[in-house]
Amino acid sequence: MKYFSLSNHSIQASFKDAVIQGLAPDRGLFFPESITPLSKDFMDSIEQYSNHEIAFEAIKQFVGDEIPSDVLKEIIQETLTFEFPVVPISDQISTLELFHGPTMAFKDVGAKFMAKCLEYFNSESDDHVTVLVATSGDTGGAVANGFLGTKGVDVVILYPSGKVSDIQEKQLTTLGQNITALEVNGVFDDCQDMVKTAFLDGGIPKKLTSANSINIARWLPQMFYFFFAYKQLKSTGKEIVFSVPSGNFGNICAGFMAQKLGLPVKTLVASTNVNDTVPNFLASGEYDVQPSIATISNAMDVSDPSNFIRIQQLFNNDFNRLKEHLASFSFSDELTRKAMIEIFENSDYIADPHGAVGYLGLKEFNLNSNQIGVFLETAHPVKFLPVVEKTLNVNVAIPSQIEKVMNKEKKSIHISTYEDLKGYLNS
Ligand SMILES: *Cc1c(COP(=O)(O)O)cnc(C)c1O
């Protein structure tokens, strides 16, 4: 499969090169040259297939012959080691729980899949790749866990000192081996800027790649979730409306890829916090980026979502067609807390702030009686413990995979400037 750069369509790369490079040389995002729908027979009998089989069918055309089928099947098996249950919240609303993986956020799937692809490509050569990633919380942990011990790959994670939760910090600073955590005196944007500068800096002799959702191997496997939910809800005969708590819009963009592959969904709802560039764009036609605002759903504090350009490409940059299939609403922290309380009181379910934003999106969308709403629960509430416990006045039990890291010793290297980062990378 060939990929082209969305900034310059004549720049092309194979799957392998697109994964290793992360971004195209002109800084554009890679996009697949063609998307072939899955057969109607397959979609009609999806409940007869295992999750591993569904994932293989969904992703195989995007990998092409660059990874042999048997190896790709193994990669999927090593990636999907947990369940993706749909849990009813009310008559018309359910949640798709994506947090049963090792770091309890949905990013585990993409991180592991990408790590295994890089490992396969490196097994054919002695090349060394350095994955450089900035995190506001969840990405760091998922990438650290997904890439731990991956041959030929070093991982460098930049995170803002004092700005991630205790659990998130432990998840990215305690693993050791090929994972290094750089603790930056600054905010998330400083981390992100340093990473971007490093990618543009010709003076770093290492091969650098990104493990954010701009990387196709992190982005594409997220399609699987939407098929898994459909498989569980198909027998209801209802049209599914997904609400996706969105920050960088990678997850919802994967949902639109699933739609392109033939998943029978009409509309997806992008639910955001007050970082509302996309909801405003749909309402006014103007894409106006304001500085990002800190919220209690901090994994979505993104004001210029990288993947939105891919969604526009999927609709041939046709604003009206996009609006037929994408609804988008934004919600304040106050409304988010109220939703968490409502879900808890009505359904005895503890949603994390991101899931609660997704729930609000479905309420705002106003489902009709032929529709069933599914919001993605993108992280376990334990990852946002102080907010959840304070808002709901409950104690959340600490799951074993979190408890395991809580007792480990934090190891990080403090840095303050880009020169510090460059010094580390060149040492
Ligand atoms: C990353 C993340 C999101 C946002 O996903 P995008 O693909 O960036 O839109 C939402 N919720 C949680 C918990 C996350 O970690």
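The legends below describe close-up views of a predicted model, taking its sheets and its ligand site in turn. Local features need pLDDT of at least 70 and side-chain atom pairs count only at pLDDT 80 or more, whereas totals for chains, interfaces and linings use all residues. Residues are numbered from 1 along each chain as its sequence is written, and side-chain values use heavy atoms, with hydrogens and water left out.

**View 1. Strand β1 with its partners β2 and β3.** Strand β1 (residues 2–5) runs antiparallel to strand β2 (residues 12–14), to which 3 bridges join it; strands here are DSSP runs of E with at least two residues, helices are runs of H or I with at least four, and both are numbered from the N terminus. Two strands count as paired if DSSP finds at least two bridges between them. A hairpin of 6 residues connects β1 to β2, and β1 also pairs with strand β3 (residues 30–32) in the antiparallel sense, over 3 bridges. Tyr-3 has Ala-13 as its bridge partner in β2 and Pro-32 as its bridge partner in β3.

**View 2. The open sheet of 5 strands and helix α6.** The strands follow the order β9-β6-β7-β8-β14, with parallel pairing. At the edges are β9 (207–209) and β14 (413–415), each of which pairs on one side only. From one strand to the next the twist averages 30°, where axes are lines fitted to C-alpha atoms (for helices, over the stretch in contact) and angles run from 0 to 180 degrees between N-to-C directions. Strand β6 (residues 129–134) and β9 run parallel and are joined by 3 bridges, with Thr-209 in β9 as the bridge partner of Val-131. Helix α6 (residues 138–147) packs on this sheet, touching β6, β7 (153–160) and β8 (179–184), and its direction makes about 165° with that of β7; contact means heavy atoms within 4.5 Å.

**View 3. The open sheet of 6 strands with helices α11 and α16.** In this sheet the order is β4-β5-β13-β10-β11-β12, and the pairing is mixed. The edge strands, β4 (86–88) and β12 (326–330), each pair on one side only, and the twist averages 25° from one strand to the next. Strand β10 (residues 239–245) runs parallel to strand β13 (residues 371–377), with 5 bridges joining them, and the bridge partner of Ser-243 in β13 is Phe-375. Helix α11 (residues 250–260) packs on the sheet and touches β10, β11 (268–272), β12 and β13, its direction making about 180° with that of β11. Helix α16 (residues 353–365) lies across β5 (93–97), β10, β11, β12 and β13, and runs at about 160° to β13.

**View 4. The surroundings of the ligand.** Of the 15 residues around the ligand, those that come nearest are Lys-107, Asp-138, Gly-247, Asn-248 and Thr-378; a residue is near a molecule if one of its heavy atoms lies within 4 Å of it. Polar backbone atoms of Phe-249 and Gly-250 lie 2.9 Å and 3.1 Å, respectively, from an oxygen atom of the ligand. A nitrogen atom of the ligand is 2.8 Å from a polar side-chain atom of Thr-378. The protein covers 97% of the 390 Å² of accessible area that the ligand has on its own, with areas computed by the Shrake-Rupley method and a 1.4 Å probe.

Terms used:
Polar contact = N/O pair within 3.5 Å; in protein donor to acceptor, adjacent residues only side chain to side chain.
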